[in-house]
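Trainee: Could you take a close look at one part of this thing for me? I'd like to see a single chain in detail, and then how a residue or two sits inside the whole.

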Protein chains: 2
Amino acid sequence: MKLSRQFPLNALRVFEAVARHLSFTKAGEELGLTQTAVSYQVKLLEETLKETLFLRQPRKILLTEAGARLAPKVTEGFDILASAVNEMQGVAEGTLIIHSTHTFASHWLARHLGIFQLDNPTIAVRLETSQAVIDFSKTEADLAIRVGTGEWPGLKSHFVMRNHFTPMLSPKLADTIGGVHDPLDLLKLKIIDPGDPWWRLWFTAAGHPDAPLESASRNRLGSQAVEAAAAIAGHGVAILRPDFYQDDVAMGRLIQPFDLTCEDGSHYWLVYPEARRQTAKLRAFRAFLQKTLPSFDKGPDSGIM
Amino acid sequence: MKLSRQFPLNALRVFEAVARHLSFTKAGEELGLTQTAVSYQVKLLEETLKETLFLRQPRKILLTEAGARLAPKVTEGFDILASAVNEMQGVAEGTLIIHSTHTFASHWLARHLGIFQLDNPTIAVRLETSQAVIDFSKTEADLAIRVGTGEWPGLKSHFVMRNHFTPMLSPKLADTIGGVHDPLDLLKLKIIDPGDPWWRLWFTAAGHPDAPLESASRNRLGSQAVEAAAAIAGHGVAILRPDFYQDDVAMGRLIQPFDLTCEDGSHYWLVYPEARRQTAKLRAFRAFLQKTLPSFDKGPDSGIM
DNA sequence: TTCATGCATCAGTCCTCTTGATCCATAGAG
DNA sequence: CTCTATGGATCAAGAGGACTGATGCATGAA
């Protein structure tokens, strides 16, 4: 209780309202307090300052000289505080901070965010990328795009898209072996990061669970972009998310030899703290995904994509 | 508790300190709170604003963008509030508001206040006169000079001077009857306000309780100055406080024919609310009276004057 | 006179605020 | 790499402050 005694801010706030209305009762109405409470607070302030602030005359009150001198500056002070809070909230509402993996950011968000910004010209977007799973309490972010199962305690998550993958390579490389027609053809080429579990999953799905793959332990975290670059350069076959490389396919830099795609159970999700669900910018972003992605919020098992 | 919920001012104050120190613990020390209390208040504010203000990282905290935007303006707001209170108190301490009867103000205070102001150049004096007994809760005043018995509930009173009186008249008028040598000589002249009870008291004290005086009921409240003016103009004999007319005596405009003075039990007192006893300006004023008036604070029965 | 208005006072209640203990994560020292 | 110090979060408990409703008082208006 010490704080309120050192400097009775609430009493000062009540005083400010009373000074404006020149009425305890009216000030109480403005503040949602009873006249009794107002009287109490004013008295408290007067005792703290050791100055009489109001002259209580029957049926009306007047400011003393001290009170009259105090009131305008107090009003100014509270105005600044109020506007500070308002502006802060306004600005905060007007900036959307997105954390995403580098891959998703560069291959999907970067390409579609323009639509969001056209639809929401008042919202500024800040896009941050990081491979690590961010902690909303330690990092400044309104939302994040994460890969996982969609289960994170305390966070609300919406399904964004499946995280499927399939081998991709440059058409020139395919030509060196007369084209890729069978999954096993791939083994004639250099496999980029053959230790990636996705390879085993894919070959298994293709009916070749025993395909001879080196089982190096290297994790592919964060390297999909590098692998893609290597594949485009013709250094080998990479296992990639085809969605993300449609441009490269269209430009003839990559081909997807098989329709077969695989999944490992983890997908892309939009996540944010449960409590912020209702902010305008979040609603706007959800609406944007809804409009742009047919699969949005439909769960990993319902959508086709 | 409603006020603090609508807009948690104390939490804002805590936030301000934390933002300056970038430390919950240090802010707590500044405010005289524990780290726990600071943590609680910050959390409260964040929940109210629905904005994270600090990023809690191990062994240090950072302001979020929202927090960084909020902090400087909040500091400014509190600075203004603090300076408002300080200035108000400074000004209030620097102004002494005296309420006095018109008579005492014009005949004693006006003549001696110069000394007080020389001794206390930092204190501005505002002198208000009124016949009515003022109510400190309804009128703005630091102290008052009152006539009475010295007993007022809730007020501290110091004896200032006896309220004695004696007949006074113009020397020219005295000459018209060959000088005033015996109290009964006065009856040869016009008595100004013969209904004034002071006349009866004085004649009784002079050994003539049966002096023939008209017993008009008119009260002399506030009219001493008028009576004096009439006496100076030679219109008759007035019963006055000799102290207040020493100048007129010195200038030959009035004479006090008899040394005998009377009292009616009421005297001049300095009064002020008990609670304000220790303010600097009140101490200064008491010291001034002490220095200037031998009778000050000695009680009506001890002093000679 | 009687009524209406507006503040002060009082006693009681609710719940905010604060504390102290404890836990946890990390940076830095050795 | 282990150990220690630092700094914040969490928890339960308790004190005391803020608020309410009823009542009283003084005054201006009808």
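Mentor: Quick bit of vocabulary before we dig in: helices here are DSSP runs of H or I with at least four residues, strands are runs of E with at least two, and both are numbered from the N terminus. By that count, chain A has 11 helices and nine strands. Keep in mind that we're looking at a predicted model.

Now, how is chain A laid out? Its radius of gyration is 31 Å, well over the 19 Å that the globule rule gives for 305 residues, so chain A is more spread out than a compact globule. The box tells a matching story: along the principal axes, the C-alpha atoms of chain A fill roughly 105 × 35 × 30 Å. Even so, buried residues account for 50% of the 305 in chain A. If you take the contacts in chain A between residues at least 6 apart in sequence, 71% of them join residues at least 24 apart. On the outside, chain A has an accessible surface of about 14,500 Å², with 54% belonging to carbon and sulfur atoms. As for charge, chain A carries 33 positive and 34 negative charges, and their mean positions lie 9 Å apart.

Next, the partner chain. In chain A, 49 residues are in contact with 48 residues of chain B. The area buried between the two chains is about 4,500 Å², and carbon and sulfur atoms give 64% of that. L3(A), L81(A) and M88(A) supply 15% of what chain A buries against chain B, more than any other three residues.

Let's zoom in on one residue of chain A. E46(A) sits in helix α4, which covers residues 35–49. Is this glutamate buried or exposed? Its relative accessible area is 11%, and the cut-off for buried is under 20%, so E46(A) counts as buried. Setting aside neighbours within four places in sequence, E46(A) is in contact with E51(A), T52(A), L53(A), F54(A) and R56(A).

For a second case, hop over to chain B. F165(B) lies in the loop between β6 (155–161) and β7 (166–168), and at 0% relative accessibility it is buried. What surrounds F165(B)? Beyond its neighbours within four places in sequence, its contacts include W198(B), L201(B) and W202(B), along with I239(B), L240(B), R241(B) and P242(B). Another stretch in contact with F165(B) includes L260(B), T261(B) and C262(B). That last cysteine is 97 residues away from F165(B) in sequence, yet the two C-alpha atoms are 5.4 Å apart in space.

Notes
Residues are numbered from 1 along each chain as its sequence is written. Chains are lettered from A and ligands numbered from 1 in the order in which they are written. This is a predicted model: local features need pLDDT of at least 70, side-chain atom pairs count only at pLDDT 80 or more; totals for chains, interfaces and linings use all residues. Side-chain values use heavy atoms; hydrogens and water are left out. The radius of gyration is taken over C-alpha atoms; the globule rule is 2.2 Å times the number of residues to the power 0.38. Buried means under 20% relative accessible area, exposed over 50%, partly exposed in between (1.4 Å probe, protein chains only). Contact means heavy atoms within 4.5 Å. Accessible areas come from the Shrake-Rupley method with a 1.4 Å probe; for residues, only the protein chains shown count as cover. Lys and Arg count as positive and Asp and Glu as negative; His and the chain ends are not counted. The place of a charge is taken as NZ of Lys, CZ of Arg, CG of Asp or CD of Glu. Buried area is the accessible area (1.4 Å probe) that two parts lose on being put together, summed over both.
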